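Please open the model in your viewer and keep the sequence beside it. The tour below goes from one selection to the next and says what is to be found at each stop.

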Amino acid sequence: ASTLGAAAAQSGRYFGTAIASGRLGDSAYTTIAGREFNMVTPENEMKIDATEPQQGQFNFSGGDQVYNWAVQHGMRVRGHTLAWHSQQPGWMQSLSGSALRQAMINHINGVMAHYKGKLAYWDVVNEAFADGGSGGRRDSNLQRTGNDWIEVAFRTARAADPNVKLCYNDYNIENWSAAKTQGVYNMVKDFKSRGVPIDCVGFQSHFNSGSPYTSNFRTTLQSFAALGVDVAITELDVQGASATTYANVTNDCLAVSRCVGMTVWGVRDSDSWRSGDTPLLFDGNGNKKSAYTSVLNAL
Ligand code: XIL
């Protein structure tokens with residue numbers, strides 16, 4: 001195969017990218033994205049601040065732009081994200097307790113109703129665990145509404161759209177030895193044992209010198225998959241774009257039958273949220289980097 005999407009499809013997987021609505025007018029960008037990928041994650045357009053800027057007033061203009069572009073190019077879409085401590089609109093940041101809990105539920109219902117039946121996956125909850133050695137939850141306004149907020153989010157999401165796959169998504173959970181990884185693993189294990197609806201776990205995979213790729217990532221993917229969830233690499237970028245690291249990550253996904261696909265967090269280095277790290281598969285001029293060839297050959 002000669003594109004990432006077609007190469008991934010040979011094993012029944014997808015290869016996706018984050019798409020920013022503001023770049024859809026850039027033909028160099030859309031040419032590469034339209035050719036190479038078969039899954040799209042809106043980079044910011046389906047986040048809480050974008051979709052419910054005022055409480056109870058939903059806005060799907062940016063999300064629909066990205067969704068429509070993807071569908072017109074034959075691609076599927078991962079929704080991102082319904083409940084998160086970050087990129088909350090001001091009104092939500094100032095809520096707490098039962099008012100915030102109800103606002104979270106209303107938000108999930110409002111956004112999922114609009115996209116019902118249209119998306120392949122939803123990142124229902126994003127980044128709910130703490131960094132460091134505790135293995136526990138991140139402190140946030142949502143966490144302070146009660147430890148059950150994550151399962152309430154998942155149960156609400158299942159009822160809102162029973163046909164979309166519901167994912168938990170986080171960063172720095174790739175290293176099997178990390179306390180954060182074990183914390184998320186134990187939550188998923190508990191959810192599966194109690195029948196809390198969860199279908200998948202997304203590993204953001206933002207690799208850099210502070211949180212490097214480790215070869216036990218494959219063990220992590222296998223261990224989560226063994227709990228009965230799909231796994232995916234959801235926001236991949238690698239500081240410096242080491243071709244070896246990109247190949248290792250690709251081979252780790254291919255080694256796990258429940259690893260359903262990989263998504264890179266942007267098209268060209270110049271599109272990256274960490275553009276200074278030149279972490280992606282295409283350079284700022286749209287040329288394929290060695291990491292691109294390395295991934296394509298591994299797939
Ligand atoms: C980032 C976007 O790429 C930026 O444009 C935005 O300013 C901040 O968020 N984890 C996530 C993504 O789940 O939503 C984040 O995306 C990167 C880290």
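In which loop, between which two strands, is the place of Ser205? In this predicted model, select residues 200–203, which form strand S6, and residues 206–207, which form strand S7, and Ser205 will be found in the loop between them. Ser205 has a positive phi of about 65°, although it is not a glycine. Most residues other than glycine have a negative phi. With a relative accessible area of 0%, Ser205 counts as buried, because buried means under 20%.

Next, select Glu235, which lies in strand S8, residues 230–238. UniProt, in an unreviewed entry, places the feature "active site" at Glu235, and such annotations may be inferred rather than shown by experiment. Is Glu235 buried or exposed? Its relative accessibility is 5%, so Glu235 counts as buried. If you leave aside the neighbours within four places in sequence and display what Glu235 is in contact with, you will find His80, Asn169, Phe203, Gln204, Ser205, His206, Thr263 and Trp265; the Ser205 of the previous stop is thus one of these contacts. With side chains shown, look for the polar contact of 3.1 Å that joins Glu235 and Asn169.

From the contacts of Glu235, go on to His80, where the peptide bond from His80 to Thr81 is cis, with omega near 0°. Most peptide bonds are trans. Thr81 itself is in strand S3, residues 76–83.

Now select Ala241, which is in the loop between S8 and H10. Here too phi is positive in a residue other than glycine, and for Ala241 the value is near 55°. Ala241 is buried, with a relative accessible area of 5%.

For a pair of helices, select H7, residues 149–160, and H8, residues 179–194, whose axes come within 12 Å and cross at roughly 50°. That angle makes H7 oblique to H8. The contact is made by Ile150, Glu151, Phe154 and Arg155 on the H7 side, and by Met187, Phe191 and Arg194 on the H8 side. Viewed as a crossing, H7 passes H8 in a right-handed manner.

The last stop is helix H11, residues 290–298, in which Ala291, Tyr292, Ser294, Val295, Leu296 and Ala298 are buried. To see what covers these buried residues, add elements including helix H1 (4–9), strand S1 (14–19), helix H2 (27–36) and helix H10 (243–254) to the selection.

Note on methods: Residues numbered from 1 in each chain as written. Predicted model: local features only at pLDDT ≥ 70, side-chain atom pairs only at ≥ 80, totals over all residues. Heavy atoms only, no water. Buried < 20%, exposed > 50% of the residue type's maximum accessible area, 1.4 Å probe, protein only. Helix = DSSP H or I, 4+ residues; strand = E, 2+ residues; numbered from the N terminus. Contact = heavy atoms within 4.5 Å. Polar contact = N/O pair within 3.5 Å; in protein donor to acceptor, adjacent residues only side chain to side chain. Axes fitted to C-alpha atoms, helices over the stretch in contact; angles between N-to-C directions. Parallel < 35°, antiparallel > 145°, perpendicular 65-115°, else oblique. Left-handed = near helix turned anticlockwise from the far one by under 90°.
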